[in-house]
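Trainee: I've got a protein model open and I'd like to learn how to read it. Can you walk me through it?

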Amino acid sequence: MAMRKTLRDLLSANENLILPGVLSPIESLFAKNAGFKALYISGAALSTSLGLLDEGKITRGKMVSLIREIRNTNDLPLLADCDTGLFSKGEMAKKDFHALEVIAKTVTALEDAGADAIQIEDQ
């Protein structure tokens, strides 16, 4: 909870806040040592770092795992991009698919992993 308040405070301050994109725990430590006050994980950057196009192929589990890895080594506030929040193609194909339930599951999973804020797109 303390990180969320810190991020909220940083965002409400009357100064520019730069969140460097990080894709690994070591990058998060470099950013912290360089003096950044918060971090960002980009879904598109994560996709391309794995040799994939930014086509929603990153799973919720992969994003959760990365957030946990970074959170285990860094206490800076962390903003995570979760695209539309609909990570699993299987969930989207189910007859009983309810977008809001899947998005809620994604938000809860990323929050539980340690994300302090989540970016959801409306594609």
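**Reading the sheet and a helix pair**

Mentor: Let's begin with one residue pair: Tyr40 stands opposite Leu79 in strand 2. Strands (E, at least two residues) and helices (H or I, at least four) are DSSP runs, numbered from the N terminus.

Trainee: Before we go on, what kind of model is this?

Mentor: This is a predicted model: local features need pLDDT of at least 70, side-chain atom pairs count only at pLDDT 80 or more, and totals for chains, interfaces and linings use all residues. Residues are numbered from 1 along each chain as its sequence is written, and side-chain values use heavy atoms, leaving out hydrogens and water.

Trainee: And what is the average pLDDT of the protein?

Mentor: pLDDT is the predictor's confidence in each residue, from 0 to 100. The protein averages 83, and 83% of the residues score at least 70. Among its elements, helix 2 (residues 25–33) has the highest mean, 97, and helix 5 (residues 89–93) the lowest, 55.

Trainee: Back to the sheet, then. In which order do the strands lie?

Mentor: Strands of a sheet pair through backbone hydrogen bonds, either parallel or antiparallel. Here three strands form an open sheet in the order 1-2-3, with parallel pairing; two strands count as paired if DSSP finds at least two bridges between them. Strand 1 (39–41) and strand 3 (117–119) are at the edges with a single partner strand each, so one side of each has no neighbour in the sheet. From one strand to the next, the twist averages 20°.

Trainee: How many bridges join strand 2 to strand 3?

Mentor: Three. Strand 1 and strand 2 (residues 78–81) also pair over three bridges. Leu39 has Leu78 in strand 2 as its bridge partner, while Leu79 has Ala117 in strand 3.

Trainee: What about helices: at what angle do helix 2 and helix 4 pack?

Mentor: Two packed helices are described by the angle between their axes and the distance between the axes. Helix 2 and helix 4 (residues 60–73) pack at about 45°, with axes 8 Å apart. Axes are lines fitted to C-alpha atoms, for helices over the stretch in contact, and angles run from 0 to 180 degrees between N-to-C directions.

Trainee: Which residues meet there?

Mentor: Pro25, Ser28 and Leu29 in helix 2 meet Glu69, Ile70 and Thr73 in helix 4 (contact means heavy atoms within 4.5 Å).
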